[in-house]
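I opened this one to see how the chain packs and where its charges pair up. Here are my notes, in the order I looked things up.

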Amino acid sequence: MELGRLAAARRRRLVAQVTAAAALTQAQRERIERLLERRYGRPVQLNVSVDPAALGGLRIQVDADVIDATVRARLDDARRRLAG
């Protein structure tokens, strides 16, 4: 991961760690890249991993920014709200 970040920095790209419950299609990858490039104003390199425990949705991390829209995160949040 560190080597990828260094290589991306040399190309002035951001690295986005994307976790999905299932493999993404090429069209999905391209859409995520476009959305992130618009948000951050520069090219983004996606590093995609598959984690079936996510159950669905995506978790995207770009530097310190984290968007966790996985089903697992939503269920965990619901559990915390019900317990509290």
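**Entry 1: the end of a helix**

I began just past α2, where Gly41 takes a positive phi of about 70°. A reminder to myself before going on: this is a predicted model. Stepping back to α2 itself, I found that it covers residues 26-40, 15 residues in all. From first C-alpha to last, helix α2 reaches 21 Å, close to the 21 Å expected at 1.5 Å a residue.

**Entry 2: the core**

Next I asked which residues make up the largest nonpolar core. I got 11 residues: Leu14, Ala16, Val18, Ala20, Leu24, Ile32, Leu36, Val44, Leu46, Ile60 and Val62. At least two residues of this core come from each of β1 (14-20), α2, β2 and β3. Strand β1 gives the largest share, 4 residues.

I picked Val62 for a closer look and skipped its neighbours within four places in sequence. Val62 is in contact with Leu14, Val15, Ala16 and Tyr40. Of these partners, Leu14 and Ala16 are also listed in the core.

**Entry 3: a nonpolar patch outside**

Then I turned to the surface, where Leu55, Val71 and Leu75 form a nonpolar patch. Together they have about 250 Å² of accessible area. Where does Leu55 sit? I found Leu55 in the loop between β2 (44-50) and β3 (58-62). Its relative accessible area is 54%, so Leu55 counts as exposed, the cut-off being over 50%.

**Entry 4: salt bridges**

How many salt bridges does the structure hold? I noted 5, and I followed several of them up.

One pairs the side chains of Arg72 and Asp51, at 3.9 Å from N to O. This pair links distant parts of the chain, with Arg72 in helix α3 (residues 71-83) and Asp51 in the loop between β2 and β3, 21 residues apart. I checked how open the two partners are. Arg72 is partly exposed at 40% relative accessibility, and Asp51 is partly exposed at 29%.

Another joins Arg79 to Asp76, with the closest N and O atoms 2.7 Å apart. Both residues lie in helix α3, 3 residues apart, which is about one turn of the helix. Arg79 is exposed at 53% relative accessibility, whereas Asp76 is partly exposed at 28%.

Arg81 and Asp77 make a further salt bridge, their closest N and O atoms being 3.0 Å apart. What separates these two along the helix? They are 4 residues apart in helix α3, so about one helical turn lies between them. The general rule helps here: an α-helix has 3.6 residues a turn, so residues three or four places apart point the same way. Arg81 is exposed, with a relative accessible area of 64%, and Asp77 is partly exposed at 28%. Salt bridges with shared partners join Asp77, Arg80 and Arg81 into one network.

**Entry 5: one more arginine**

Last, I looked up Arg74, which is found in helix α3. Is Arg74 buried or exposed? Its relative accessibility is 56%, so Arg74 counts as exposed. I also took a distance to Gly84: the two are 10 residues apart in sequence and 15 Å apart in space, C-alpha to C-alpha.

Technical notes:
Residues numbered from 1 in each chain as written. Predicted model: local features only at pLDDT ≥ 70, side-chain atom pairs only at ≥ 80, totals over all residues. Heavy atoms only, no water. Expected span 1.5 Å × (residues − 1). Patch = residues over 30% accessible without salt bridge, like charges linked within 9 Å, V, L, I, M, F, W, Y side chains within 5 Å. Areas by Shrake-Rupley, 256 points an atom, 1.4 Å probe, with all protein chains shown as cover. Salt bridge = Lys/Arg side-chain N within 4 Å of Asp/Glu carboxyl O. Buried < 20%, exposed > 50% of the residue type's maximum accessible area, 1.4 Å probe, protein only. Core = buried A, V, L, I, M, F, W, Y, C linked by side-chain atoms within 4.5 Å. Contact = heavy atoms within 4.5 Å.
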